[in-house]
Amino acid sequence: MSPTGPNPNWFERWVLDFIPSTANALKDLLGHGPDWLAYILFALIGGFIVVNLPALLTPLFIWIERKVLARVQHRVGPNRVGPFGLLQGVADAVKLMTKEDLVPDSADKLVFNLAPLMAAIPVFLVFPVIPYSARATLADLNLGLLYIISITSVTEVAIFAAGWSSNNKYALFGAMRAVAMLISYEIPLALSLMGVVLIAGTMQLSVIVDTQRYMPMILLQPIGFIVFVTAVSAELNRTPFDLLEAESELTTGYHVEYSGMKWGVFMLAEYAAAFAYSLLIATLFFSGWKGPLLPGFVWLAIKVFFIWCVFIWIRGTFPRLRVDQVMAFSWKFLVPLSLMNVLVTAVEVNIQANQGWEFFPMWFAPINLVIAVVLIVIMSKLFKFEGQTRQVLPSRMGTIIPVTQAAERAASKAK
Amino acid sequence: MLHSPALITSGDIGLAVAFWVLAGIAIASALSVILVRSMFRAAIFLVLTFFGIAGLYVTLEADFIAVVQVLIYAGAISILLIFAVLFTKDVNRGSTFNKTALLSFLIASLVFVSMVITALTTNWTISAEAAPATTIGALAGALFNRYVLPFEIVGLLLLAAIIGALVLVREK
């Protein structure tokens, strides 16, 4: 929390200084001996804030989604509890906590009970490293971005643990799908951020925000942005990629056996992850907390709100993809696209270094936009999805055949 | 690394406490991996072991290795292991076909004893230099300048392995 901002506003002066000044006061009080006590107290205070603030904001996030999604679908949405239905999240939480907590008889009880926690902990570990304002980062790691990528990859283990310990075939199917998909989408997720890291020259999130003081990264990294947003919606299990929940096929997948607050913790983790990723997108591509006039955290909140609205818009618009389509889209479209983005960005960064320019030149933005459009058009021409070529066994599944084959047969019959 | 610059003075006691707590977690969960009956639980405990070791790397100020430990081991290898567990018969009852428990125990304890003896008898040279504030820059410099050829060879090897795996499982 070094003073980098020119004029700390009231929020930074009073609220954010509270933590370090408290910790320093504690340290002074205790003298030079038990330094670690002040350190532990600081960690506890910071940890308390960083876990509880997102947990309290998540119901608001869910409320926004329900309201906006309702508008997309010509409904009204929650409007009974509190003004504009704002307290719906609180009511839902109370309902979940008072519900009966069922554990299946054949479940692996220890893993079953631990899985929601395992899903929630990595998500909440993302929040400390995000810069909320000029000096508001709990832990400004120099490996911030890599830390976020690595810590969020642990949720797959939790999803698998939930699906397996439930001892339910739908839960296990959901978990298998989830893990296969999440592993596939982690590669474009990480690769698409390499362009940002190359331009900023660091993985420290506060420095990445600082390099965007002249122009947001989305203008320099259009491909990176598109690939990252796509991969994030897959990581968040949101609608074009929500085949691991797929109510109509799997009856919500890996958490089908969960009820009450354990299910609530899964939902909390999912929406807290949505919140974390929206914060990350705002930080990496929309110059984070930077903006004129208003204090940093207000700008960040505005940006997060708009990014979240885009996610809801996507959810309200796109149909669900099939499992093989999702995999093919990641491996055949997103991964090559993000690799090419790394190549283009590396060449540009090299030009910048050779010319000795201090900043990444702005005229790369239109060039990158043209490259992005051309690459995406070429890639989508090349991306031919052949569909399911194997015929489903007729003895088991009746006479269901894939649509593409049905079309081929119809065409050959017409001849 | 993992603490705020404002209070970087976590003393030796804090470091010692962190070390013993993390070492305790790592060893206890490593023991659970081999003692627990259910293989799935063993895999979960293995993830916990990886986290403990990542924490130990943090106390050694090896931040990059710590993060990569979480990414590769806790995130990726554990998933691989869990898939392997799922393909094993009777996972809940542990290893049902392994009849060589005594022999395995003897060999494992031999390896353990030899490692302990090596660790105790080696004359470790301790560098007097302070740990670098960031390790990633120096690592990248070494990897992409001095050791670029080994790096490329390893990359090629991994690519060949991936393609080989795909060819092996491809349906004709």
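**Helix packing around α7 of chain A**

In this predicted model, helices α5(A) and α7(A) are roughly antiparallel to each other, because the angle between them, about 160°, lies over the 145 degrees that marks this class. Helix α5 of chain A comprises residues 109-124, and its axis runs 8 Å from that of α7(A). The two helices cross in a left-handed sense. On the α5(A) side, the contact is formed by A:V111, A:F112, A:L114, A:A115, A:M118, A:A119, A:P122 and A:V123. These residues meet A:T155, A:V157, A:A158, A:I159, A:A161, A:A162 and A:S165 of α7(A). Classified by residue type, this contact contains 13 nonpolar and two polar residues, with no charged residues.

Helix α7(A), spanning residues 155-165, also packs against helix α8 of chain A, which covers residues 169-200. Here the axes are 7 Å apart and the packing angle is about 165°; α7(A) and α8(A) are therefore roughly antiparallel to each other. The crossing of α7(A) past α8(A) is left-handed. From α7(A), the participating residues are A:E156, A:I159, A:F160, A:A162, A:G163 and A:W164. Their counterparts in α8(A) are A:A171, A:L172, A:G174, A:A175, A:A178, A:V179, A:L182 and A:I183. By class, 11 nonpolar, two polar and one charged residues make up the contact between α7(A) and α8(A). Residues A:I159 and A:A162 of α7(A) take part in the contact with α5(A) and also in that with α8(A).

Residues of these helices recur in the largest nonpolar core, which contains 120 residues. Within this core, A:A161, A:A175 and A:A276 touch the most other members. A:A161 belongs to the α7(A) side of the contact with α5(A), whereas A:A175 belongs to the α8(A) side of the contact with α7(A). The largest share of the core, 16 residues, is contributed by helix α13 of chain A, residues 260-285. When residues up to four places away in sequence are not counted, A:A276 touches A:V123, A:V126 and A:F127. Of these, A:V123 is also among the α5(A) residues that meet α7(A).

Chain B contains six helices and zero strands, and its elements run α-α-α-α-α-α from the N terminus on. Of its 172 residues, 20% are buried. Among the contacts in chain B with a separation of 6 or more, 58% involve residues 24 or more positions apart.

Methods
Residues numbered from 1 in each chain as written. Chains lettered and ligands numbered in written order. Predicted model: local features only at pLDDT ≥ 70, side-chain atom pairs only at ≥ 80, totals over all residues. Axes fitted to C-alpha atoms, helices over the stretch in contact; angles between N-to-C directions. Helix = DSSP H or I, 4+ residues; strand = E, 2+ residues; numbered from the N terminus. Parallel < 35°, antiparallel > 145°, perpendicular 65-115°, else oblique. Left-handed = near helix turned anticlockwise from the far one by under 90°. Contact = placed C-beta atoms within 7 Å. Nonpolar A, V, L, I, M, F, W, Y, C, P; charged D, E, K, R; others polar. Buried ≥ 20, exposed ≤ 12 C-beta atoms within 10 Å, placed from the backbone. Core = buried A, V, L, I, M, F, W, Y, C linked by C-beta atoms within 7 Å.
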